[in-house]
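Biologist: Could you take me on a close look at a single part of this fold? I'd love a strand and its surroundings, told as one connected story.

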Amino acid sequence: MQRRALIAGNWKMNLSLKEAISLTKEIANGILDIEDRDILIAPPFPYLYPITQLLKGSKIYLSAQNMHWEREGAFTGEVSGLMLKDVGCTHVIIGHSERRIIFQETDEQIARKINTALEIGLCPILCVGEKLEERESAQTFSVIKSQLEGALGHLRSVPDSFVIAYEPVWAIGTGRTATPSQAQEVHSFIREWIRKKFGEEKSSAIRILYGGSVKPENIRDLMSEKDIDGVLVGGASLKSESFLKIIRF
Ligand code: PGA
């Protein structure tokens with residue numbers, strides 16, 4: 001099965017409103033002729049609504065970077081998935097390593113967020129990835145497996161549109177990208193896990209993105225690997241020039 005490439009930009013906690021608007025316009029104008037791949041941006045919460053307005057008629061998907069697992073209630077400072085849908089999001093990043101590590105997000109919380117996102121019709125982009133010390137002590141596959149089981153082990157199925165992003169923590173924001181073969185090895189492990197858990201059809205439909213210091217210079221080699229279906233880009237998605245080069249790899 002030919003999976004459509006997905007190029008996603010995770011803006012994290014960056015940019016002013018003015019910069020976010022300019023960047024959105026530049027990306028939207030820069031991809032008008034592109035038909036054969038999906039493009040997604042994940043701006044900070046306060047910019048989602050103004051950006052939705054700019055994206056009317058555009059093919060760019062809008063994602064949030066996080067959500068709470070409850071639909072509403074007394075959770076000061078949190079944002080619900082229903083609110084995200086209301087302002088035009090189609091996707092939500094769940095379990096990014098910065099949330100797991102800096103904000104101590106647990107597998108249980110991640111599983112609850114996945115459940116709610118699926119129930120309300122937001123497409124999750126589930127992030128998994130090992131730390132440097134885990135890679136160096138040969139625990140990469142056991143860490144990935146336990147993150148997958150923690151987030152998805154309780155589910156009977158997931159939609160074909162479900163996205164998983166493999167983001168080795170040691171490659172995020174460090175300039176140190178996993179080599180295409182290091183990434184492919186883990187991507188194929190993830191696909192095999194999906195096949196065992198959800199069956200052959202799901203495993204060939206679900207897109208697995210690579211994230212961690214993706215740049216215009218390394219995108220082509222990464223995308224040439226069989227199980228790399230796209231990328232989740234942080235730093236290089238903050239400038240239209242580099243993000244558009246990545247999109248057009
Ligand atoms: P980076 O971030 O491209 O800046 O390494 C990727 C991510 O955290 O999604």
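Modeller: Happy to! Let's start with a pairing: V92, in strand β4, is the bridge partner of A64. This is a predicted model, so please read every value here as computed from it. A64 belongs to strand β3, residues 61-64, and two bridges join β3 to β4, with the strands running parallel. To get from β3 to β4, the chain passes through helix α3, residues 81-86, and this β-α-β crossover is right-handed.

Now for β4 itself, which covers residues 91-94. Its side chains point two ways: H91 and I93 go one way, while V92 and I94 go the other. Whichever way they point, all of these residues are buried. So V92, the residue that partners A64, is also one of the buried ones.

β4 has another parallel partner as well: strand β5, residues 123-128, pairs with β4 over four bridges. Here I94 stands opposite L126 of β5. I94 points the same way from β4 as V92, the bridge partner of A64 in β3.

To put it together, β4 is joined in parallel to β3 by two bridges and to β5 by four. When you look at the structure, a good way in is to find A64 and V92, then move along β4 to I94 and across to L126 in β5.

Technical notes
Residues are numbered from 1 along each chain as its sequence is written. This is a predicted model: local features need pLDDT of at least 70, side-chain atom pairs count only at pLDDT 80 or more; totals for chains, interfaces and linings use all residues. Side-chain values use heavy atoms; hydrogens and water are left out. Buried means under 20% relative accessible area, exposed over 50%, partly exposed in between (1.4 Å probe, protein chains only). Two strands pair if DSSP finds at least two bridges between them. A crossover is right-handed if, with the strands pointing away from the viewer, the path from the first strand over the helix to the second runs clockwise.
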